[in-house]
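The following exercises ask the reader to work from atomic geometry to a description of a fold. Each task is followed by a solution in steps.

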Amino acid sequence: MIMLGLLTPPKCTRYVKIFPGSFKQTSRHRRLSKCCQSNEYIRSFIAENTETTGERSLTPEIKLRLFTPNCRFWLERPELWPFDDPYWAIYWPGGQALSRFLLDSPGLCLGKTVLDLGSGCGASAIAAKLCGAAHVVANDIDTVAAVATHMNSELNSLEPPVCVTDNMIGSEPEGFDLILLGDMFYDEALATSLHSWLDRCIKTHSTKVLIGDPGRAQFEGHSIRRLLHQLAQFELPESVREENYGLTCSSVWSYHPEL
């Protein structure tokens, strides 16, 4: 059974059809046991069960620890997986487009304070640091993603960003110059809460918001779509297309709410 079947609609394309019920039954146990696992254990587990890759992505200059067919849990029984769903172990196409756009336009981040929301593997946070951002925060509610982001930063000879695992959506807006969102519009309720919170961030601090998405139905069909201006579109590498139901492109959008 394919481990990556765990990755259901939250950021899923290829893997949505094979969600094993056994994982649902053990997810509460995972959440409880994770509290007792040290960062050292998590780092060791990630090192043993991922592969350093990235050269076949849109950003070959960024190295990342990811799941590949060479990794044990690509085919392992999902009930043996000890953590929550491993979204941090995939370099999603929206995040790839966003990271590529930043690297191609380094002035967007230079000297700025940047938030990578739903940071996953941390690629966009890493891209922001490579472009000279003054301060970068990577926010993901999965504590394992925070450890993976630290490890991926080290792979790229960078000081890791500040990693925050509290849910920042809906919190009091902080003074970020730039907020990055890759592959976050996978659920209508989440997209709606994001819409409201991003509006507050922009109105309070004039924050610039960039969104990366390959055009999933939930994104294209949400009312926020009419407030977006496309900045760039990238053709996805063949390997990324194969892993995402044949999606061919991924785009970057600037968010301009009605003020």
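The exercises below concern a predicted model, and they proceed from the whole chain to individual contacts.

**Exercise 1. The chain as a whole**

State how many helices and strands the protein chain has, and what share of its residues is buried.

Solution.
- Step 1. The secondary structure of the protein chain comprises eight helices and nine strands.
- Step 2. Of the 259 residues, 56% are buried.
- Step 3. The surface that the protein chain exposes is about 11300 Å², and carbon and sulfur atoms supply 50% of that area.
- Step 4. The contacts can then be sorted by separation in sequence. Among those between residues at least 6 apart, 70% join residues at least 24 apart.

**Exercise 2. A salt bridge within a helix**

Determine how D104 and R100 are placed relative to each other in helix α3, and classify each as buried, partly exposed or exposed.

Solution.
- Step 1. A nitrogen and an oxygen of the two side chains lie 3.0 Å apart, and D104 and R100 form a salt bridge. The cut-off for such a pair is 4 Å.
- Step 2. Both residues belong to helix α3, which covers residues 93-104; because they are four residues apart, about one helical turn separates them.
- Step 3. The general geometry is consistent with such a pairing: an α-helix has 3.6 residues a turn, so residues three or four places apart point the same way.
- Step 4. The relative accessibility of D104 is 46%, so D104 is partly exposed. The value for R100 is 13%, so R100 is buried.
- Step 5. The pair also belongs to a network of salt bridges that links E61, R100 and D104.

**Exercise 3. Salt bridges of R216**

Which residues form salt bridges with R216, and at what N to O distances?

Solution.
- Step 1. R216 meets D183 in a salt bridge with an N to O distance of 2.9 Å.
- Step 2. This pair connects distant parts of the chain, 33 residues apart: R216 is in the loop between β7 (208-213) and α7 (217-220), while D183 is in the loop between β6 (178-182) and α6 (188-205).
- Step 3. R216 also forms a salt bridge with D213, with the closest N and O atoms 3.7 Å apart.
- Step 4. R216 and D183 are both buried, and D213 is buried as well.
- Step 5. The structure holds 10 salt bridges, among them the two of R216 described here.

**Exercise 4. Helix α6**

Compare the expected span of α6 with the distance between its end C-alpha atoms, and name the strands against which its buried residues pack.

Solution.
- Step 1. The 18 residues of α6, at 1.5 Å a residue, should span 26 Å. The expected span uses one less than the number of residues.
- Step 2. The end C-alpha atoms of α6 are 25 Å apart, in agreement with that expectation.
- Step 3. The buried residues of α6 are L190, A191, L194, H195, W197, L198, D199, C201 and I202.
- Step 4. These buried residues pack against β3 (113-117), β6, β7 and β9 (249-255).
- Step 5. S206 follows α6 and has a positive phi, near 55°.

**Exercise 5. Aromatic pairs**

Classify the ring pairs W81 with F83 and F219 with W253 from their centre distances and plane angles.

Solution.
- Step 1. The count of aromatic pairs is 13.
- Step 2. For W81 and F83, the centres are 5.7 Å apart and the planes are at 80°, an edge-to-face pair. Both W81 and F83 are buried.
- Step 3. For F219 and W253, the centres are 5.8 Å apart and the planes are at 55°, so this pair is tilted.
- Step 4. F219 lies in helix α7 and W253 in strand β9, so the pair ties together parts 34 residues apart in sequence.
- Step 5. F219 has 0% relative accessibility and is therefore buried; W253, at 6%, is buried.
- Step 6. A cluster connected by ring pairs contains Y41, F45, F67, F73, W81, F83 and W88.

**Exercise 6. Two further positions**

Locate D85 and G182, and identify a contact or approach for each.

Solution.
- Step 1. D85 is in the loop between β2 (64-66) and α3, and its relative accessible area of 14% makes it buried.
- Step 2. The side chain of D85 makes a polar contact with that of Y87, at 2.9 Å.
- Step 3. G182 is in strand β6 and is buried, with a relative accessible area of 11%.
- Step 4. The C-alpha atoms of G182 and G95 are 4.4 Å apart, although 87 residues separate the two along the chain.

Methods:
Residues are numbered from 1 along each chain as its sequence is written. Side-chain values use heavy atoms; hydrogens and water are left out. Helices (H or I, at least four residues) and strands (E, at least two) are DSSP runs, numbered from the N terminus. Buried means under 20% relative accessible area, exposed over 50%, partly exposed in between (1.4 Å probe, protein chains only). A polar contact is a pair of N or O atoms within 3.5 Å; within protein, one must be able to donate a hydrogen and the other to accept it, and residues adjacent in sequence count only if both atoms are side-chain atoms. Contact means heavy atoms within 4.5 Å. Rings of Phe, Tyr and Trp (its six-membered ring) pair if their centres lie within 6.5 Å; planes under 30 degrees apart count as stacked, over 60 as edge-to-face and the rest as tilted. Accessible areas come from the Shrake-Rupley method with a 1.4 Å probe; for residues, only the protein chains shown count as cover.
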